[in-house]
Amino acid sequence: MSGTGGMADASTRRQELAERLGAVRERIAVACAAAGRTDAPGLIVVTKFFPASDVRLLSGLGVRDVGENRDQEAAAKAAETADLDLLWHFIGQLQSNKARSVIRYAAAVHSVDRLSVAQALAKAAGTDAERRSGAGLPPRPALRCFIQVSLDPDAGAGGRGGAAASEVPEIAARLAGTQGLQLEGVMAVAPLGADPLAAFQRLAGISADLRADHPGASAISAGMSGDLEAAIQAGATHLRVGSDVLGPRPPVR
Ligand SMILES: *Cc1c(COP(=O)(O)O)cnc(C)c1O
């Protein structure tokens with residue numbers, strides 16, 4: 001079938017994405033009804049490993065929020081789709097030295113998992129604001145920051161899966177006290193093999209504690225393809241769904 005033209009391929013892919021996206025939206029609606037929720041959570045479509053052409057098709061299907069977990073891949077796709085009205089969510093582990101790059105294209109970072117990352121983002125936001133003002137550019141909207149917490153009771157503090165609940169107040173204070181950053185709320189991934197509902201209910205408790213100090217930081221980023229129903233039941237405000245919209249990811253590179 002080579003050489004028969006990308007147009008047919010694009011329309012097939014568009015159809016496939018439309019169907020998958022429709023099915024996920026339906027699942028969200030059903031889960032909201034079951035949970036008695038009238039405030040539907042926002043859907044972030046995670047496009048990691050898939051080409052910018054898919055991002056473009058998704059935009060045409062009404063998707064505005066897209067998620068990526070690697071800086072290089074995200075920066076390239078954001079540049080390729082700069083003509084579209086998209087909000088990029090960085091959801092992967094963030095190295096401090098990538099903060100300056102991420103701040104240029106991301107509307108939100110869901111993976112602030114330690115104080116050093118909050119500090120790197122604060123510094124990057126300051127440098128970027130100075131550069132923009134020097135160049136006569138308008139300031140950017142504040143970068144929306146989620147604190148990623150670990151819901152794995154076996155993981156020690158400083159593990160790769162997020163901050164310990166006890167570390168949240170210090171990270172939150174740093175984010176909330178920085179111009180150019182906005183403390184949005186918490187984020188987590190359900191631990192493998194655990195009951196996702198119980199895990200997300202723990203997250204809801206951590207969110208309530210955070211809101212006691214920071215009433216505006218009410219966002220809860222939780223729920224992926226396999227556990228979005230549990231996340232909705234536990235009060236998630238942002239879902240991050242990849243494979244159920246895009247299809248199975250190619251094997252890890
Ligand atoms: C990849 C990824 C997702 C999406 O996962 P799916 O199972 O494909 O829906 C969500 N959150 C994070 C942090 C991810 O890395």
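How far is an oxygen atom of the ligand from an N or O atom in the side chain of K48? The distance is 2.7 Å. This comes from a predicted model.

**The ligand and its contacts**

K48 has company. The residues around the ligand are V46, K48, I91, M187, M224, S225, R240, V241, G242, S243 and R249. By class, this shell holds five nonpolar residues, three polar ones and three charged ones.

Polar atoms of K48, S225 and G242 pair with oxygen atoms of the ligand, as the table shows.

| Residue | Part of the residue | Distance to a ligand oxygen atom |
|---|---|---|
| K48 | side chain (N or O atom) | 2.7 Å |
| S225 | side chain (polar atom) | 2.5 Å |
| G242 | backbone (polar atom) | 2.8 Å |

How much of the ligand does the protein cover? On its own, the ligand has 390 Å² of accessible area, and the protein covers 88% of that. The ligand takes up the space of the second largest pocket.

**Salt bridges**

Now look at the whole structure. A search of it finds 13 salt bridges. One of them joins the side chains of R27 and E229, with an N to O distance of 2.8 Å. Why does this pair tie together parts that are 202 residues apart in sequence? R27 lies in helix α1, which covers residues 6–34. E229 lies in helix α8, which covers residues 228–233. The two partners sit in these two helices, so their salt bridge links parts of the chain 202 residues apart in sequence.

Notes
Residues are numbered from 1 along each chain as its sequence is written. This is a predicted model: local features need pLDDT of at least 70, side-chain atom pairs count only at pLDDT 80 or more; totals for chains, interfaces and linings use all residues. Side-chain values use heavy atoms; hydrogens and water are left out. A residue is near a molecule or strand if one of its heavy atoms lies within 4 Å of it. A polar contact is a pair of N or O atoms within 3.5 Å; within protein, one must be able to donate a hydrogen and the other to accept it, and residues adjacent in sequence count only if both atoms are side-chain atoms. Accessible areas come from the Shrake-Rupley method with a 1.4 Å probe; for residues, only the protein chains shown count as cover. On a 1 Å grid over the protein atoms alone, a cavity is a set of points where a 1.4 Å probe fits but cannot get out, and a pocket is an open set with protein on both sides within 12 Å along at least five of seven lines; lining residues have an atom within 4 Å of a point. A molecule sits in a cavity or pocket if more than half of its atoms lie within 2 Å of its grid points. Ala, Val, Leu, Ile, Met, Phe, Trp, Tyr, Cys and Pro count as nonpolar, Asp, Glu, Lys and Arg as charged, and the others, Gly among them, as polar. A salt bridge is a side-chain nitrogen of Lys or Arg within 4 Å of a carboxyl oxygen of Asp or Glu. Helices (H or I, at least four residues) and strands (E, at least two) are DSSP runs, numbered from the N terminus.
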